[in-house]
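Let's take a walk through a protein together. Have the sequence and the 3D view ready, and follow along one stop at a time.

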Amino acid sequence: MGTPQFMSPEQAAGRPEYSSDLYSLGLTAIYLLTGKWPRELETDSQTREIVWRNHDVKVSVRFAAILDKAIRFHPLSRFVTAQEMLAALEEPINPVLSTSDEPKIPVITSRKNWTVYIFSIALITLGITSFLFRNQLTSLMKAAVNLADAKLNTDVLQVPKRQTGSPLPNVDVSNYISEGDRLLFANIATPDKQAAVRAILAKDFKTAANKLEAVLKADRNDPESLIYLNNARLSSAESLKIAAVVPIGDNPSAAAEILRGIAQAQDEAIKAGVPLKVVIADDANDENRAQAIAQSLIKDVNILAVVGHGSSKTSIAVAPIYSESQMVAIAPTSTSIQLATAPRRADGVNYFFRTIPSDQFTGTALARYMLNSMKKSTAAVFYNSQSSYSKSLQTAFSTTLVLEGGQVVKEVDLSEPNATDNLDRIEADVLVLLPDSETLNSSLQIARNNQKRLPIIGGDALYNTDLLKQGGADLNGTVISVPWHFADSENQKFVELSKNLWGINVNWRTAMSYDAVQVLLRGRSIGKIAPNSGEAGRVMLASTLAGSDFKVSGATGEIRFLSSGDRNSNIVLLQVVPDTQSAGGYNFTPLNRF
């Protein structure tokens, strides 16, 4: 029920959520401010976000950001409740008009003023539900919106409230952070690597370098050793320093893939005359440890920025910490849509970016492939409701599918018991597997139980060579989406260089993390940031990356950032096919691009 133009996408598809009403509220406010009907506003073809700020609307930056969040395409990116929206409005702000450079005094309004604001919102809501299109009330509601914004721009000086929340964990993470003084990959702690660590602790960097060179001669596919080697060669020389946070304790294979990209970028930078040290940290995909690591890295004033964290779960946990402390972080493998609306500082400056496209791109690409290429319309979707990544991808896929003419006939939560049973009772054209790393085995069981009855499509968590070794025959023909693949890359120079360095064809985690370092190096160059610049260097880096003219070419193409810190990028579709040269007898090959 509601006015179609002002309905949220999921409500129009018959799947309303709590945030659907706030979407309508935000869109109504935008209508009153711009005078434009929703159908008259531009929509970004890739992100599907409504573009409205290009109209001549004089509202505070803060108020505009709040309206942006209210009308996000993805429900998980919006305010969940009216209380949350009100809390955002009550945060200390620096209200600068988006069409003017005139400075204002940071303020926060009193509770009494908020009574007026709530009354204003009530007027708008009344307009939505009963009188929205009556001319005699339009001017009244527009006045209400302007009054609400005015309350965010009062010139009465108030003392900002200190934001409080759950106390951050007090965890000793010294054993999980290393510049070469300890080994984090315990499974490859060879005698030479152990000797190198002892030499680094003794500041005998020449011996350490010799030992690490021997390690890499025996196994060149070891990014930890290459990073420590380069750090040792730089010894105590003045250098730029960044940190790489990866989930070694939870997923050492994925952690190594990420570190290969960082190590390669470091190696190339040093050879090009840019001294770059890398600190490695292991958050083990644990939110508490990740937060404690973030706090520790922030305290090291010589660290310019962070590449990480390795999962959506940990990135969501640490994004507010980095933002509040003005530390730039670039996530190369975290895709959850929630990251686009992670809490920012009161000044609105963004400190969290990512080189990988969000789940919105992936979900949309999969849904459109199913509808337009497979010519199928009904789907059974399997996901893990306990995973922010899996849930985010499931919502993006389902919303796009339904909006563009398809139907989700069954949703199965992989975190529930017996989730892999009774496939024969599902009446669908396609099985859609959107697991996270913890539910990969359940997805493989579903593929086996399917017995090739229905075609399968899935998310990038299925891009796993070990999975093909276990059940390649069951997954044969499966189509999955990934952000990059070496065989489809337009930058074949990177593909060649990485294969020469590591002896293997690298995957998207390596390419995206390589690009994260390229972003930092380019931002450092443009901002003329010297080594050990402390907080000033961090602030300059954030400002540079957020610039509308910032761009850099990387392994995965040109990188530009949206205002949210997200990146527009293509999605590559891969298909599982037989491959006699592969260890598991099956491999992934590019299908096409979206």
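In which helix is I227 found? Look for helix α9, because that is where I227 is found. Before going further, keep in mind that you are looking at a predicted model.

Now ask yourself: is I227 buried or exposed? The relative accessible area of I227 is 0%, and buried means under 20%, so I227 counts as buried. Setting aside neighbours within four places in sequence, I227 is in contact with L259, A263, Q266, V278 and I280. You can also find V279 from here: I227 and V279 are 52 residues apart along the chain, while their C-alpha atoms are separated by 8.5 Å.

Let's step back to the helix itself. Helix α9 covers residues 223-234, twelve residues in total. At 1.5 Å a residue, α9 should span 16 Å, and its end C-alpha atoms are 17 Å apart, which agrees. How many of the twelve residues of α9 are buried? Eleven are, so we can call this helix mostly covered. Among the buried ones are P223, Y228, N230 and L234. What does the covering? The elements over the buried residues of α9 include α7 (191-201), α8 (205-218), α10 (252-271) and α17 (492-502), along with the strands β3 (177-178) and β5 (276-282).

The two ends of α9 deserve a look as well. At the N-terminal end, D222 acts as a cap, with a side-chain oxygen 3.3 Å from the backbone nitrogen of E224. After the helix comes S235, whose phi is positive, near 45°.

Next, let's visit the largest nonpolar core. It has 108 residues, and V328, F382, F397 and I457 touch the most other members. Helix α18 (residues 508-526) gives the most to this core, nine residues. Domain 2 (236-357 + 497-559) and domain 3 (359-482 + 572-593) each supply at least three residues to this core. Zoom in on F397 and, leaving out residues up to four places away in sequence, you will see that F397 touches G363, L366, A367, M370, A379, V381, V432, L434 and I457. Apart from this core lies another, of 24 residues, including A292, A294, A329 and A331.

Our last stop is a loop. Between β7 (328-331) and β8 (352-354) you will find S336. S336 has a relative accessible area of 0%, so S336 is buried. Not counting residues up to four places away in sequence, S336 touches S312, I316, R354, D359, S388 and S392.

Technical notes:
Residues are numbered from 1 along each chain as its sequence is written. This is a predicted model: local features need pLDDT of at least 70, side-chain atom pairs count only at pLDDT 80 or more; totals for chains, interfaces and linings use all residues. Side-chain values use heavy atoms; hydrogens and water are left out. A nonpolar core is a set of buried Ala, Val, Leu, Ile, Met, Phe, Trp, Tyr and Cys residues joined through side-chain atoms within 4.5 Å. Buried means under 20% relative accessible area, exposed over 50%, partly exposed in between (1.4 Å probe, protein chains only). Helices (H or I, at least four residues) and strands (E, at least two) are DSSP runs, numbered from the N terminus. Domain bounds come from an automatic or database domain assignment. Contact means heavy atoms within 4.5 Å. The expected span of a helix is 1.5 Å times one less than its number of residues. A polar contact is a pair of N or O atoms within 3.5 Å; within protein, one must be able to donate a hydrogen and the other to accept it, and residues adjacent in sequence count only if both atoms are side-chain atoms.
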